[in-house]
Amino acid sequence: MTHMLNDEIDRIVSQIEPDLIAIRRQIHANPELSLEEFETARLVEEQLGTLGIDHVRRFGGTGIAAIVGTANGLVVGIRGDMDALPIQEESGAPYASTRPGVSHACGHDAHTAIVLGVARVMHLLKDKLPGRAMLVFQPAEEGHGGAAAMIEDGVLEWGKPDVMLGFHNWPLLPPGTVGWHPSASFASSDRFTATLTGVSGHGAHPHLARDVIVAAAHFIGEAQTIVSREIAPLQPAVVSFGSINGGTAGNQLPDRVVIVGTARCHSDDVRKAIQDALVRIGQGVALSHRVECRVSFDSGSGPVVNDPRVLSTLVRSCEEALGSPHVYNLGQGTMGAEDFSEFSSRVPSAHIRVGSKRKDRETMLHRSNFDLDEACIAISVRCLCYGILRLMNSDEWKAI
(Lines give C-alpha, C1' and ligand atoms only; values in the text may rest on other atoms or scores of the structure.)
Protein backbone atom coordinates (compact mmCIF):
# COMPACT_ATOMS: atom_id res chain seq x y z
CA MET A 1 0.00 0.00 0.00
CA THR A 2 2.80 2.44 0.92
CA HIS A 3 4.55 1.99 -2.44
CA MET A 4 1.28 2.46 -4.33
CA LEU A 5 0.62 5.68 -2.42
CA ASN A 6 4.17 6.84 -3.11
CA ASP A 7 3.41 6.59 -6.82
CA GLU A 8 0.31 8.70 -6.26
CA ILE A 9 2.35 11.22 -4.27
CA ASP A 10 4.80 11.54 -7.18
CA ARG A 11 1.96 12.10 -9.62
CA ILE A 12 0.23 14.71 -7.45
CA VAL A 13 3.45 16.60 -6.68
CA SER A 14 4.30 16.78 -10.38
CA GLN A 15 0.90 18.34 -11.05
CA ILE A 16 0.95 20.88 -8.22
CA GLU A 17 4.62 21.97 -8.44
CA PRO A 18 3.91 25.05 -10.65
CA ASP A 19 1.20 26.21 -8.22
CA LEU A 20 3.52 25.81 -5.24
CA ILE A 21 6.25 27.84 -6.95
CA ALA A 22 3.71 30.57 -7.72
CA ILE A 23 2.61 30.62 -4.08
CA ARG A 24 6.22 30.83 -2.93
CA ARG A 25 6.88 33.78 -5.25
CA GLN A 26 3.75 35.58 -4.08
CA ILE A 27 4.85 35.26 -0.46
CA HIS A 28 8.43 36.17 -1.37
CA ALA A 29 7.35 39.42 -3.00
CA ASN A 30 5.25 40.34 0.05
CA PRO A 31 7.38 39.42 3.08
CA GLU A 32 6.20 40.06 6.64
CA LEU A 33 8.28 40.29 9.78
CA SER A 34 7.79 38.13 12.87
CA LEU A 35 4.39 38.63 14.53
CA GLU A 36 3.19 40.57 11.45
CA GLU A 37 2.39 37.64 9.12
CA PHE A 38 -1.19 38.79 8.52
CA GLU A 39 -1.32 38.51 4.73
CA THR A 40 0.65 35.27 4.73
CA ALA A 41 -1.74 33.75 7.28
CA ARG A 42 -4.74 34.81 5.20
CA LEU A 43 -3.17 33.26 2.10
CA VAL A 44 -2.62 29.99 3.96
CA GLU A 45 -6.21 29.96 5.22
CA GLU A 46 -7.50 30.67 1.70
CA GLN A 47 -5.44 27.84 0.26
CA LEU A 48 -6.62 25.39 2.92
CA GLY A 49 -10.19 26.54 2.41
CA THR A 50 -9.95 26.05 -1.36
CA LEU A 51 -8.87 22.47 -0.74
CA GLY A 52 -11.90 21.94 1.49
CA ILE A 53 -9.90 21.36 4.65
CA ASP A 54 -12.24 22.54 7.37
CA HIS A 55 -10.40 21.37 10.49
CA VAL A 56 -8.37 24.60 10.72
CA ARG A 57 -7.64 26.91 13.63
CA ARG A 58 -5.43 29.86 14.55
CA PHE A 59 -2.87 29.61 17.35
CA GLY A 60 -0.46 32.18 18.72
CA GLY A 61 -1.87 35.10 16.75
CA THR A 62 -0.94 34.49 13.12
CA GLY A 63 -0.11 30.80 13.49
CA ILE A 64 -2.33 28.24 11.77
CA ALA A 65 -2.82 24.51 12.25
CA ALA A 66 -4.90 22.08 10.23
CA ILE A 67 -5.77 18.39 10.44
CA VAL A 68 -6.18 16.14 7.39
CA GLY A 69 -7.61 12.62 7.55
CA THR A 70 -10.01 10.82 9.84
CA ALA A 71 -8.31 7.49 10.63
CA ASN A 72 -7.44 6.64 14.23
CA GLY A 73 -3.81 5.84 13.49
CA LEU A 74 -0.69 7.89 14.16
CA VAL A 75 -0.99 11.68 14.02
CA VAL A 76 2.07 13.07 12.22
CA GLY A 77 2.70 16.79 12.53
CA ILE A 78 4.80 18.83 10.13
CA ARG A 79 5.88 22.37 10.85
CA GLY A 80 6.86 25.15 8.45
CA ASP A 81 7.70 28.73 9.41
CA MET A 82 6.33 31.86 7.71
CA ASP A 83 8.19 35.00 8.85
CA ALA A 84 10.71 37.15 6.98
CA LEU A 85 13.77 39.13 8.13
CA PRO A 86 14.63 42.85 8.43
CA ILE A 87 17.11 42.58 5.54
CA GLN A 88 17.10 44.59 2.31
CA GLU A 89 16.90 42.14 -0.60
CA GLU A 90 19.60 42.30 -3.28
CA SER A 91 18.80 39.06 -5.12
CA GLY A 92 17.83 40.62 -8.45
CA ALA A 93 14.92 38.16 -8.75
CA PRO A 94 11.83 39.30 -10.70
CA TYR A 95 9.76 38.25 -7.67
CA ALA A 96 11.99 40.13 -5.20
CA SER A 97 10.57 41.80 -2.11
CA THR A 98 8.36 44.81 -2.74
CA ARG A 99 8.84 45.98 0.85
CA PRO A 100 11.97 48.00 1.58
CA GLY A 101 14.15 46.55 4.31
CA VAL A 102 12.21 43.28 4.59
CA SER A 103 12.91 40.03 2.74
CA HIS A 104 12.61 36.26 2.89
CA ALA A 105 16.36 35.82 3.26
CA CYS A 106 15.93 32.50 5.08
CA GLY A 107 13.51 30.76 2.72
CA HIS A 108 10.47 30.64 4.98
CA ASP A 109 8.37 31.56 1.95
CA ALA A 110 9.36 28.23 0.40
CA HIS A 111 8.75 26.46 3.71
CA THR A 112 5.17 27.76 3.74
CA ALA A 113 4.65 26.60 0.17
CA ILE A 114 6.09 23.17 1.04
CA VAL A 115 3.67 22.60 3.92
CA LEU A 116 0.81 23.76 1.70
CA GLY A 117 2.01 21.17 -0.81
CA VAL A 118 1.97 18.48 1.86
CA ALA A 119 -1.54 19.61 2.79
CA ARG A 120 -2.69 19.19 -0.82
CA VAL A 121 -1.22 15.71 -1.15
CA MET A 122 -2.58 14.54 2.20
CA HIS A 123 -6.03 15.94 1.43
CA LEU A 124 -6.20 14.17 -1.94
CA LEU A 125 -5.16 10.91 -0.24
CA LYS A 126 -7.16 11.42 2.96
CA ASP A 127 -9.44 8.42 2.44
CA LYS A 128 -6.40 6.15 2.04
CA LEU A 129 -4.37 7.42 4.98
CA PRO A 130 -3.88 5.05 7.94
CA GLY A 131 -3.54 8.08 10.23
CA ARG A 132 -3.85 11.86 10.23
CA ALA A 133 -1.55 14.68 9.17
CA MET A 134 -1.26 17.85 11.23
CA LEU A 135 -0.04 20.89 9.31
CA VAL A 136 1.52 23.65 11.41
CA PHE A 137 2.23 27.06 9.86
CA GLN A 138 4.31 28.86 12.46
CA PRO A 139 4.91 32.61 12.79
CA ALA A 140 7.85 34.38 14.41
CA GLU A 141 10.58 31.76 14.17
CA GLU A 142 13.33 34.38 13.86
CA GLY A 143 13.93 34.82 17.58
CA HIS A 144 10.43 35.96 18.53
CA GLY A 145 8.98 32.85 20.15
CA GLY A 146 6.41 31.80 17.58
CA ALA A 147 6.56 28.10 18.41
CA ALA A 148 6.21 28.75 22.14
CA ALA A 149 3.25 31.06 21.47
CA MET A 150 1.42 28.40 19.45
CA ILE A 151 2.09 25.77 22.10
CA GLU A 152 0.98 28.06 24.91
CA ASP A 153 -2.19 28.69 22.92
CA GLY A 154 -2.90 24.95 22.89
CA VAL A 155 -1.86 23.71 19.44
CA LEU A 156 -0.45 20.42 20.75
CA GLU A 157 -3.50 19.67 22.88
CA TRP A 158 -5.71 20.46 19.88
CA GLY A 159 -3.89 18.36 17.30
CA LYS A 160 -2.37 15.73 19.64
CA PRO A 161 0.54 14.82 17.32
CA ASP A 162 2.34 11.57 18.09
CA VAL A 163 5.42 12.72 16.18
CA MET A 164 6.59 15.98 14.59
CA LEU A 165 8.68 16.60 11.47
CA GLY A 166 10.75 19.71 10.80
CA PHE A 167 12.85 20.78 7.83
CA HIS A 168 14.85 23.69 6.47
CA ASN A 169 16.19 24.54 3.06
CA TRP A 170 19.99 24.38 3.01
CA PRO A 171 21.89 26.40 0.35
CA LEU A 172 25.12 24.47 0.96
CA LEU A 173 23.56 21.31 -0.54
CA PRO A 174 22.40 20.98 -4.17
CA PRO A 175 18.73 20.37 -4.94
CA GLY A 176 17.83 16.71 -5.03
CA THR A 177 19.71 16.02 -1.80
CA VAL A 178 18.82 15.84 1.88
CA GLY A 179 21.09 16.15 4.90
CA TRP A 180 20.46 14.85 8.40
CA HIS A 181 22.13 14.88 11.80
CA PRO A 182 22.35 11.76 13.97
CA SER A 183 21.43 13.56 17.20
CA ALA A 184 21.23 17.32 17.71
CA SER A 185 20.38 19.31 14.59
CA PHE A 186 20.48 22.78 16.18
CA ALA A 187 21.98 24.30 19.30
CA SER A 188 20.31 26.06 22.18
CA SER A 189 20.69 29.83 22.16
CA ASP A 190 20.60 31.85 25.37
CA ARG A 191 21.33 35.55 25.60
CA PHE A 192 23.07 36.70 28.75
CA THR A 193 23.75 40.18 30.16
CA ALA A 194 26.49 41.01 32.67
CA THR A 195 25.96 44.35 34.37
CA LEU A 196 29.00 45.60 36.30
CA THR A 197 28.62 48.53 38.70
CA GLY A 198 31.55 50.27 40.41
CA VAL A 199 32.62 53.77 41.43
CA SER A 200 33.50 56.29 38.75
CA GLY A 201 36.57 58.45 38.93
CA HIS A 202 39.31 60.37 37.16
CA GLY A 203 41.72 58.41 34.99
CA ALA A 204 44.60 59.97 36.93
CA HIS A 205 43.35 58.58 40.25
CA PRO A 206 42.20 54.98 39.66
CA HIS A 207 42.85 54.11 43.30
CA LEU A 208 39.94 56.35 44.28
CA ALA A 209 37.58 54.54 41.91
CA ARG A 210 36.39 50.98 41.42
CA ASP A 211 37.17 50.27 37.80
CA VAL A 212 34.43 48.37 35.94
CA ILE A 213 36.32 48.54 32.62
CA VAL A 214 39.12 46.37 33.97
CA ALA A 215 36.59 44.14 35.73
CA ALA A 216 34.67 43.71 32.47
CA ALA A 217 37.87 42.72 30.67
CA HIS A 218 38.51 40.04 33.28
CA PHE A 219 34.92 38.79 33.04
CA ILE A 220 35.22 38.37 29.26
CA GLY A 221 38.60 36.70 29.53
CA GLU A 222 37.47 34.25 32.19
CA ALA A 223 34.25 33.46 30.32
CA GLN A 224 36.31 32.34 27.33
CA THR A 225 37.76 29.52 29.45
CA ILE A 226 34.34 27.95 30.08
CA VAL A 227 34.26 26.01 26.82
CA SER A 228 37.95 25.14 26.80
CA ARG A 229 38.25 24.11 30.46
CA GLU A 230 34.80 23.26 31.83
CA ILE A 231 33.03 21.54 28.94
CA ALA A 232 34.09 18.11 27.67
CA PRO A 233 36.11 18.47 24.45
CA LEU A 234 33.64 16.46 22.34
CA GLN A 235 30.63 18.48 23.52
CA PRO A 236 29.77 21.31 21.09
CA ALA A 237 29.52 24.68 22.87
CA VAL A 238 30.34 28.32 22.19
CA VAL A 239 30.25 31.49 24.28
CA SER A 240 30.31 34.72 22.29
CA PHE A 241 30.21 38.41 23.17
CA GLY A 242 28.43 40.81 20.85
CA SER A 243 28.15 44.05 22.80
CA ILE A 244 30.06 45.94 25.51
CA ASN A 245 29.03 49.43 26.54
CA GLY A 246 30.46 51.73 29.22
CA GLY A 247 32.07 55.11 29.55
CA THR A 248 31.92 58.35 27.60
CA ALA A 249 35.38 59.88 27.97
CA GLY A 250 38.92 58.59 27.73
CA ASN A 251 40.04 60.24 30.97
CA GLN A 252 37.19 59.07 33.16
CA LEU A 253 36.50 55.67 34.68
CA PRO A 254 32.77 54.92 34.34
CA ASP A 255 30.62 53.51 37.10
CA ARG A 256 28.79 51.01 34.86
CA VAL A 257 29.52 48.57 32.04
CA VAL A 258 26.98 46.32 30.34
CA ILE A 259 28.14 43.25 28.41
CA VAL A 260 25.80 41.17 26.23
CA GLY A 261 26.56 37.78 24.70
CA THR A 262 25.15 34.43 23.72
CA ALA A 263 25.81 30.87 24.81
CA ARG A 264 25.05 27.92 22.53
CA CYS A 265 25.33 24.15 22.96
CA HIS A 266 23.73 20.83 22.04
CA SER A 267 22.53 19.52 25.40
CA ASP A 268 20.58 20.80 28.38
CA ASP A 269 23.29 19.63 30.79
CA VAL A 270 25.93 21.74 29.04
CA ARG A 271 23.47 24.61 28.83
CA LYS A 272 23.09 24.64 32.61
CA ALA A 273 26.83 24.24 33.16
CA ILE A 274 27.57 27.32 31.05
CA GLN A 275 25.00 29.42 32.86
CA ASP A 276 26.29 28.33 36.26
CA ALA A 277 29.84 29.15 35.21
CA LEU A 278 28.93 32.63 33.99
CA VAL A 279 27.24 33.40 37.31
CA ARG A 280 30.22 32.06 39.26
CA ILE A 281 32.71 34.07 37.18
CA GLY A 282 30.63 37.18 37.74
CA GLN A 283 30.72 36.60 41.48
CA GLY A 284 34.49 36.10 41.39
CA VAL A 285 35.10 39.24 39.36
CA ALA A 286 32.91 41.24 41.71
CA LEU A 287 34.87 40.04 44.72
CA SER A 288 38.34 40.52 43.25
CA HIS A 289 37.64 43.96 41.73
CA ARG A 290 35.40 45.35 44.49
CA VAL A 291 32.49 45.90 42.10
CA GLU A 292 29.01 44.48 41.68
CA CYS A 293 28.39 42.06 38.84
CA ARG A 294 24.89 40.81 38.07
CA VAL A 295 24.51 38.15 35.37
CA SER A 296 21.02 37.60 33.94
CA PHE A 297 19.72 35.30 31.21
CA ASP A 298 17.11 35.55 28.49
CA SER A 299 16.62 31.92 27.60
CA GLY A 300 15.97 31.31 23.94
CA SER A 301 15.50 28.15 21.95
CA GLY A 302 16.67 24.86 23.38
CA PRO A 303 18.60 22.29 21.33
CA VAL A 304 16.76 20.43 18.59
CA VAL A 305 17.46 16.76 19.34
CA ASN A 306 16.25 14.11 16.92
CA ASP A 307 14.36 11.08 18.17
CA PRO A 308 16.27 8.11 16.66
CA ARG A 309 13.07 6.22 15.77
CA VAL A 310 11.49 9.14 13.94
CA LEU A 311 14.77 10.09 12.28
CA SER A 312 15.38 6.54 11.06
CA THR A 313 11.96 6.41 9.43
CA LEU A 314 12.31 9.85 7.85
CA VAL A 315 15.81 9.14 6.49
CA ARG A 316 14.65 5.87 4.93
CA SER A 317 11.76 7.73 3.34
CA CYS A 318 14.11 10.32 1.86
CA GLU A 319 16.33 7.53 0.53
CA GLU A 320 13.29 5.94 -1.07
CA ALA A 321 12.31 9.24 -2.66
CA LEU A 322 15.76 10.37 -3.83
CA GLY A 323 18.07 7.35 -3.70
CA SER A 324 20.53 6.58 -0.90
CA PRO A 325 23.52 8.39 -2.50
CA HIS A 326 21.60 11.67 -2.27
CA VAL A 327 20.84 11.49 1.46
CA TYR A 328 23.78 12.52 3.65
CA ASN A 329 24.70 12.11 7.29
CA LEU A 330 26.01 15.60 8.06
CA GLY A 331 27.66 14.54 11.32
CA GLN A 332 27.59 17.33 13.88
CA GLY A 333 24.66 19.73 13.89
CA THR A 334 24.97 23.48 13.50
CA MET A 335 25.50 25.91 16.36
CA GLY A 336 22.64 27.97 14.98
CA ALA A 337 19.29 27.86 16.77
CA GLU A 338 15.77 26.86 15.71
CA ASP A 339 12.65 27.15 17.81
CA PHE A 340 11.40 23.85 16.40
CA SER A 341 12.99 22.79 19.70
CA GLU A 342 9.73 23.81 21.39
CA PHE A 343 8.08 20.93 19.52
CA SER A 344 10.97 18.44 19.61
CA SER A 345 11.33 18.79 23.39
CA ARG A 346 7.69 17.76 23.85
CA VAL A 347 7.00 15.34 20.98
CA PRO A 348 9.28 12.71 19.37
CA SER A 349 10.64 14.56 16.34
CA ALA A 350 13.13 14.64 13.49
CA HIS A 351 14.54 17.52 11.46
CA ILE A 352 16.18 17.40 8.03
CA ARG A 353 17.88 19.86 5.66
CA VAL A 354 16.79 19.95 2.03
CA GLY A 355 19.33 21.02 -0.59
CA SER A 356 18.43 24.39 -2.13
CA LYS A 357 21.73 25.66 -3.61
CA ARG A 358 21.41 27.75 -6.76
CA LYS A 359 24.04 27.26 -9.45
CA ASP A 360 24.24 30.96 -10.28
CA ARG A 361 25.35 32.34 -6.89
CA GLU A 362 27.27 31.84 -3.69
CA THR A 363 24.96 32.66 -0.84
CA MET A 364 23.80 31.56 2.56
CA LEU A 365 20.83 32.04 4.86
CA HIS A 366 20.29 35.62 6.08
CA ARG A 367 22.30 37.20 3.24
CA SER A 368 20.91 40.04 1.15
CA ASN A 369 21.51 38.11 -2.10
CA PHE A 370 19.78 34.95 -0.84
CA ASP A 371 17.57 32.99 -3.18
CA LEU A 372 16.97 29.27 -3.49
CA ASP A 373 16.53 26.72 -6.24
CA GLU A 374 12.78 26.23 -6.35
CA ALA A 375 13.22 22.56 -7.24
CA CYS A 376 13.63 22.04 -3.49
CA ILE A 377 9.92 22.72 -3.00
CA ALA A 378 8.61 19.66 -4.84
CA ILE A 379 11.50 17.53 -3.54
CA SER A 380 10.66 18.48 0.03
CA VAL A 381 6.97 17.69 -0.45
CA ARG A 382 7.81 14.24 -1.83
CA CYS A 383 10.25 13.39 0.98
CA LEU A 384 7.99 14.62 3.74
CA CYS A 385 4.90 12.90 2.36
CA TYR A 386 6.82 9.63 2.01
CA GLY A 387 7.90 10.07 5.63
CA ILE A 388 4.41 10.80 6.86
CA LEU A 389 3.09 7.63 5.24
CA ARG A 390 5.87 5.49 6.70
CA LEU A 391 5.25 6.92 10.14
CA MET A 392 1.52 6.37 9.88
CA ASN A 393 2.16 2.66 9.38
CA SER A 394 1.82 1.70 13.03
CA ASP A 395 3.35 -1.79 12.61
CA GLU A 396 6.49 -0.32 11.09
CA TRP A 397 6.63 2.37 13.75
CA LYS A 398 6.49 -0.19 16.57
CA ALA A 399 9.21 -2.26 14.91
CA ILE A 400 11.77 0.54 14.89
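This is a guided tour of a predicted model, going from its sheet to a helix, a core and a few cysteines.

**The sheet**

Begin by selecting the strands of the open sheet, which has eight of them in the order β1-β2-β4-β3-β5-β16-β6-β15, with mixed pairing. At its edges you will find β1, residues 56-59, and β15, residues 327-329, each of which pairs on one side only. If you look along the sheet, neighbouring strands are turned by 25 degrees against each other on average, when direction is ignored.

Next, select residues 75-81, which make up strand β3, together with residues 163-170, which make up strand β5; these two strands run parallel and are joined by three bridges. Within this pair, show G77 and look across to β5, where M164 stands opposite.

Now add residues 308-322, which form helix α9, and turn the view until you see this helix lying across β5, β6, β15 and β16. Its direction makes an angle of about 30 degrees with β16, the strand of residues 349-355.

**The cores**

In general, nonpolar side chains tend to be buried together in soluble globular proteins. To see the largest nonpolar core here, which has 74 residues, select those with the most contacts inside it, namely L48, V118, V121, M122, L135, F137 and I352. Helix α11, residues 375-392, gives this core its largest share, with 13 residues.

Keep V118 on the screen and show what surrounds it: apart from neighbours within four places in sequence, V118 is in contact with I78, L135, V381, L384, C385 and I388. Elsewhere there is a second, separate core of 26 residues, and you can find it by selecting L196, A216, I226 and A263, which are among its members.

**Helix α11**

Return to α11 and colour it by burial: 17 of its 18 residues are buried, so the helix is largely enclosed by the rest of the structure. You can also check its length, because 18 residues at 1.5 Å a residue should span 26 Å, and the C-alpha atoms at its ends are 26 Å apart, in agreement with that expectation.

**The cysteines**

Finally, select the cysteines, and ask how many disulfides a search of the whole structure finds. The search finds zero. Take C383 as an example: the closest cysteine sulfur is that of C318, at 4.0 Å, which is too far for a bond because a disulfide needs the two sulfur atoms within 2.5 Å. C383 has a relative accessible area of 1% and is therefore buried, while C293, at 16% relative accessibility, also counts as buried because the cut-off is under 20%.

How values were computed. Residues numbered from 1 in each chain as written. Predicted model: local features only at pLDDT ≥ 70, side-chain atom pairs only at ≥ 80, totals over all residues. Heavy atoms only, no water. Pairing = 2+ DSSP bridges. Helix = DSSP H or I, 4+ residues; strand = E, 2+ residues; numbered from the N terminus. Axes fitted to C-alpha atoms, helices over the stretch in contact; angles between N-to-C directions. Contact = heavy atoms within 4.5 Å. Buried < 20%, exposed > 50% of the residue type's maximum accessible area, 1.4 Å probe, protein only. Core = buried A, V, L, I, M, F, W, Y, C linked by side-chain atoms within 4.5 Å. Expected span 1.5 Å × (residues − 1).
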